[in-house]
Amino acid sequence: MRLLWHQKLSYRTTPGDEVEDMFILLNEVKKQIPSITAVSSGAIASDYQRLRVESVCSRLGLVSLAYLWKQDQSFLLQEMITNGIVAITVKVAAMGLDPAKHLGKEIAFLKPYLHKLKDLYGINVCGEGGEYETLTLDCPLFHNARITVDESQVVLHSSDSIAPVGVLHPLKFHLERKAKSNSISGNDKSNDLCLENISSVFEVQGENPLECKAPCESVPEASDLVEVSSHRLHLSKTEKDDTFSICCWLQDPSEPSAGLQEDLKLILRQIELQLQGCGFGWEHVLYIHLYISDMNQFNLANETYVRFITQDKCPNGVPSRSTIELPLIQAGLGGAYIEVLVANDQSKRVLHVQSISCWAPSCIGPYSQATLHKEILHMAGQLGLNPPTMTLCGGGPTAELEQALQNCEAVAKCFNCSISTSAIIFVVYCSTNISSDERPKIHDKLDSFLKQIKLSHLDEGRKPKVLDPIFLYVLVPDLPKGALVEVKPILYVPETSETTEETLNDLSGVMAPSYFGFQPADWHDSCIQKFVIHGKICAVVLSITSAVALKICSDSMNADWSNGNHHNYLTAGQMKRISRFCIYVLDKIIMENGFSWKDTMSLRFYYPPNLLVPLETLSLLFTDAFKELDQMSGSAKVGGKSIFNVVPVLGAGKYAACTEDIITCELFARKS
């Protein structure tokens, strides 16, 4: 299925447009019937229609329902027929449809022919592309009578020899009463449910005001915000020219947090100022990691978030987002911590479906399901939500994980790819509410799910090239909606299909020299996961477990560390050596695969606060390591600037069952 990109179809308020007529009508409906909270539309594949309905709903505070969205059209056509929808064609406008032959025919009669045209010309069998329009004469909602057309006239709008356009004008009709006992195709139960809900039909009349505007809140200016001392505010920024990360957090245990909302305002405003300083705005942001100290305050955080990031500010699509609770207060930070991924152009392609449907979870707020930029698909964090109900599925962490992966796959399909074949990395956030005996099952479920999708591709006769992704599990205090898992994949979506086996392999270049006194060793590979597409992408996860730390600092650590006994905490000297080892290994991988530090899009160092090493100390250790590397080799070339984020988590590791890394490094680099 071809994806229709957001920037070509998005709607902006346009006086005189037919969309504004719908806005006026629904605004009047809300006034006269305050209990109305949602609008249902029949969009199946039309982004044009869906985006306009969603725009109106967003402006009026209504929920858009689109339960037919992304459904298989052959299935839907049969469902309509089976459930007693009697509809006739009143317009035809497609190759193979003849006004003289096919107008006024029931869809049940035309079904075999429509499928034939689909095979021949690729038409939409439900007429979603405007191939035909219908008039419903009878359906389960017509409780008392059905429509009978007595006389009609065919009007030819175009006599084109390939795809003539004709319209059927009903001239006379009457209502034919239905017997009370009438039932539809044995679906008595569903039919009765329909009848229970159509007891009231409202007629809305109004004066049609010339202009209706939905209320909107203004974004606070700098003068509206609480003063913050510069030593509390911390910023980092990667040095890549075309795609870079900006991170901001507050730190100073001696100055208590003003609360999550105030902290978030300060941070969002600072990031906004940083963007402006680069000549950019929120429309240039691809992805946002929103870290908060208390998930119980998610709604308050979201209220603040939506005051800064709006659809009006992002006409080409709002950023994708992942929201996670982290132990920020325990780490001596403020109540909020944000990382944004920024592009210096407007070539991003955004998938933002706000309607509730059976397809995948909706994103009603100003954050999108996925953003594609320069062959990298950044997907929003997916929970185990059942799309039509937007509630977490039952069954525990593995059931939630399976549903989250299904949601990821539904999003990936819109970009003609699959999480089973195109994934670069899976970051899986695991809540501490998962019991220890359930954690080992999580990776097994992820592995089996991906294998199952690969087999389904083979059954369909497809043999796509399969990438070998990285897996990173992060243990966190809580997730949105009390979810047990959240999955955040990053996918490689090439513009052409010319990726070769050689391209997917690690093509090592010149052997990188050794620094900080470290020498290559076979055991280094045991702590490294890497993904390299030569000349394009280099992703690395480096896990420093207690056993690895013991090898790094063998001259100053006792054997208890190899058994995970952290009662003997790391000394400043040991932490310094570990930080140098991390930079040494990352530099080695980057250089040997033909990349440089200037190619870095994001670099995160995850650590548990129970190490009792302050975040500020860790940050200084890594900053000094980069300075030393630059002095020794000149390869870093970061000029003493912080190009990384230090992220406090409860744990991290290569497996859900073992998230006890001392330090976990996650690097993502891309060639321009």
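1. In this predicted model, a network of salt bridges links Lys240, Asp242, Asp345, Lys374 and Arg670. Across the whole structure, the count of salt bridges comes to 21, and three individual pairs are taken up in the points that follow.

2. The side chains of Glu54 and Arg50 form a salt bridge in which the closest N and O atoms are 2.8 Å apart. Both residues belong to helix H3, which covers residues 47–60, and they are separated by four residues, or about one turn of the helix. Because buried means under 20% relative accessible area, Glu54 counts as buried at 1% relative accessibility, and Arg50, with a relative accessible area of 3%, is buried as well.

3. A salt bridge between Arg604 and Glu339 has its closest N and O atoms 2.8 Å apart. Arg604 lies in strand S22 (residues 600–607) and Glu339 in strand S11 (residues 333–343), so this pair ties together parts of the chain that are 265 residues apart in sequence. Arg604 and Glu339 are both buried.

4. Lys445 and Glu402 meet through their side chains in a salt bridge with an N to O distance of 3.5 Å. This pair links distant parts of the chain, given that Lys445 sits in helix H12 (residues 439–459) and Glu402 in helix H10 (residues 397–413), 43 residues apart. As for exposure, Lys445 counts as partly exposed at 24% relative accessibility, and Glu402, at 26% relative accessibility, is likewise partly exposed.

5. Turning to the nonpolar interior, in soluble globular proteins nonpolar side chains tend to be buried together. The largest nonpolar core of this model has 90 residues, and those with the most contacts inside it are Ile544, Ile578 and Ile663. Helix H15, spanning residues 572–592, gives the most to this core, contributing ten residues.

6. What is Ile663 in contact with, leaving aside its neighbours within four places in sequence? Its partners are Leu542, Ser543, Ile544, Met575, Ile578, Cys582, Phe605, Tyr606, Tyr607, Leu618 and Phe622. Among them are Ile544 and Ile578, which are named together with Ile663 as the residues with the most contacts inside the largest core.

7. A second core, separate from the one just described, is made up of 41 residues, including Cys408, Ala410, Ala412 and Leu475. Helix H10, the element that holds Glu402, covers residues 397–413.

Conventions. Residues numbered from 1 in each chain as written. Predicted model: local features only at pLDDT ≥ 70, side-chain atom pairs only at ≥ 80, totals over all residues. Heavy atoms only, no water. Core = buried A, V, L, I, M, F, W, Y, C linked by side-chain atoms within 4.5 Å. Buried < 20%, exposed > 50% of the residue type's maximum accessible area, 1.4 Å probe, protein only. Helix = DSSP H or I, 4+ residues; strand = E, 2+ residues; numbered from the N terminus. Contact = heavy atoms within 4.5 Å. Salt bridge = Lys/Arg side-chain N within 4 Å of Asp/Glu carboxyl O.
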